[in-house]
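Me: Please take me through one part of this model up close: the place where two of the helices pack, and the core and loops that go with it. Keep it chatty, but stick to what the coordinates give.

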Amino acid sequence: MRIRKFVVGYMGTNCYFLEGNDKSKVVVVDPGAQCDLILEKLKESNQSVQYILLTHGHFDHLLALEELRTKTNAPVYIHEKDNEMLLDAKKSLTTYVNIETPQRPADFFIEDGQELDVGGEKMKVMHTPGHTPGSCCFICKGDLISGDTLFREGTGRYDLWGGNYYDLRSSLQKLAMLEGDYKIYPGHGNSTTLEHEKQNNIALM
């Protein structure tokens with residue numbers, strides 16, 4: 001699977017394009033802002049959107065969601081436990097930054113262990129609650145998209161709506177127990193590897 005990263009918005013959110021065997025379309029992960037930029041990148045590569053995938057429901061990962069959904073007619077996927085965040089500005093934290101982003105519910109819910117199609121390749125959903133109730137990671141071969149669950153030598157917060165320290169610890173240990181190494185693509189900041197985090201990130205030790 002080919003993964004392309006675009007940093008969007010003032011929160012520096014990593015928006016990803018996932019490309020499988022079918023090069024004509026991509027899965028867009030976390031359209032956090034700047035829909036025009038996302039559409040421009042799609043036009044440059046002459047690709048359509050297979051679907052939009054959210055790692056979780058915080059505002060900085062979905063400010064461009066509705067515009068992108070409307071202009072591409074692509075369905076939206078999220079874990080059911082975070083769907084309410086799309087409909088409640090307090091839970092998605094948009095009220096704290098005085099940004100109005102009216103959202104519609106997701107079109108489809110994802111669940112732990114589910115396999116998603118990415119242009120003919122399979123990607124597995126791993127439910128990793130803690131940062132939010134419905135936070136998820138996505139695994140395809142040697143790549144792992146971690147959202148705001150795991151960062152390079154850091155972890156997501158658990159003091160916001162729906163966050164839970166014990167759930168996050170459990171989710172991080174679940175990641176630490178994965179066999180082999182993975183390249184990790186987080187929701188913010190630089191990429192890392194699972195092996196690096198096991199050796200340098202106290203939350204995975």
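Reply: One definition first: the helices and strands here are DSSP runs, helices being H or I stretches of at least four residues and strands E stretches of at least two, numbered from the N terminus. Also bear in mind that this is a predicted model.

Start with the loop that leads into the helix pair. Asp30 sits between β3 and α1, and its phi is near 55°, a positive value for a residue that isn't glycine. That stands out because most residues other than glycine have a negative phi. Is Asp30 buried or exposed? With a relative accessibility of 2%, and the cut-off for buried being under 20%, Asp30 counts as buried.

Now go past α1 to the loop between α1 and β4, which is where you'll find Asn46. Asn46 again has a positive phi near 55° without being a glycine. Its surroundings are another matter: Asn46 has 66% relative accessibility, so it counts as exposed.

Between those two loops runs α1, residues 35-44, which packs against α2, residues 65-72. The axes are 9 Å apart and the angle is about 40°, so the two helices are oblique to each other. The crossing is right-handed. Which residues make the contact? From α1 it is Cys35, Asp36, Ile38 and Leu39, and from α2 it is Glu67, Leu68, Lys71 and Thr72. Sorted by class, that contact has four nonpolar residues, three charged ones and one polar one.

Ile38 leads us on to the core. The largest nonpolar core has 22 residues, and Ile38 is one of those with the most contacts inside it, along with Phe17, Val28, Ile52, Leu54, Leu65 and Leu86. At least two residues each come from β1 (2-8), β2 (13-19), β3 (25-29), α1, β4 (48-53), α2 and β5 (76-79). The top contributor is α1, with three residues. A separate second core has 18 residues, including Tyr16, Tyr51, Val125 and Cys140. As a rule, nonpolar side chains in soluble globular proteins tend to be buried together.

Ile52 is a handy spot from which to look around. Setting aside neighbours within four places in sequence, Ile52 is in contact with Val28, Pro31, Leu65, Leu68, Arg69, Ala74, Pro75, Val76 and Tyr77. Leu68, you'll recall, is one of the α2 residues in the helix contact.

Leu65 then takes us to a loop further along the chain. With sequence neighbours up to four places away left out, Gln103 is in contact with Leu65, as well as Leu62, Glu66, Leu86 and Leu87. Gln103 belongs to the loop between α4 (89-92) and β6 (108-110), and its relative accessibility is 14%, so it counts as buried.

Pro105 lies in the loop between α4 and β6 too. What does Pro105 touch, not counting residues up to four places away in sequence? The answer is Arg69, Asn83, Leu86 and Leu87. Leu86 and Leu87 are on Gln103's contact list as well, and Arg69 is on Ile52's. Pro105 has a relative accessible area of 41%, which means it is partly exposed.

Technical notes: Residues are numbered from 1 along each chain as its sequence is written. This is a predicted model: local features need pLDDT of at least 70, side-chain atom pairs count only at pLDDT 80 or more; totals for chains, interfaces and linings use all residues. Side-chain values use heavy atoms; hydrogens and water are left out. Axes are lines fitted to C-alpha atoms, for helices over the stretch in contact, and angles run from 0 to 180 degrees between N-to-C directions. Angles under 35 degrees count as roughly parallel, over 145 as roughly antiparallel, 65 to 115 as roughly perpendicular and the rest as oblique. A crossing is left-handed if the near helix is turned anticlockwise from the far one by less than a right angle, and right-handed if clockwise. Contact means heavy atoms within 4.5 Å. Ala, Val, Leu, Ile, Met, Phe, Trp, Tyr, Cys and Pro count as nonpolar, Asp, Glu, Lys and Arg as charged, and the others, Gly among them, as polar. A nonpolar core is a set of buried Ala, Val, Leu, Ile, Met, Phe, Trp, Tyr and Cys residues joined through side-chain atoms within 4.5 Å. Buried means under 20% relative accessible area, exposed over 50%, partly exposed in between (1.4 Å probe, protein chains only).
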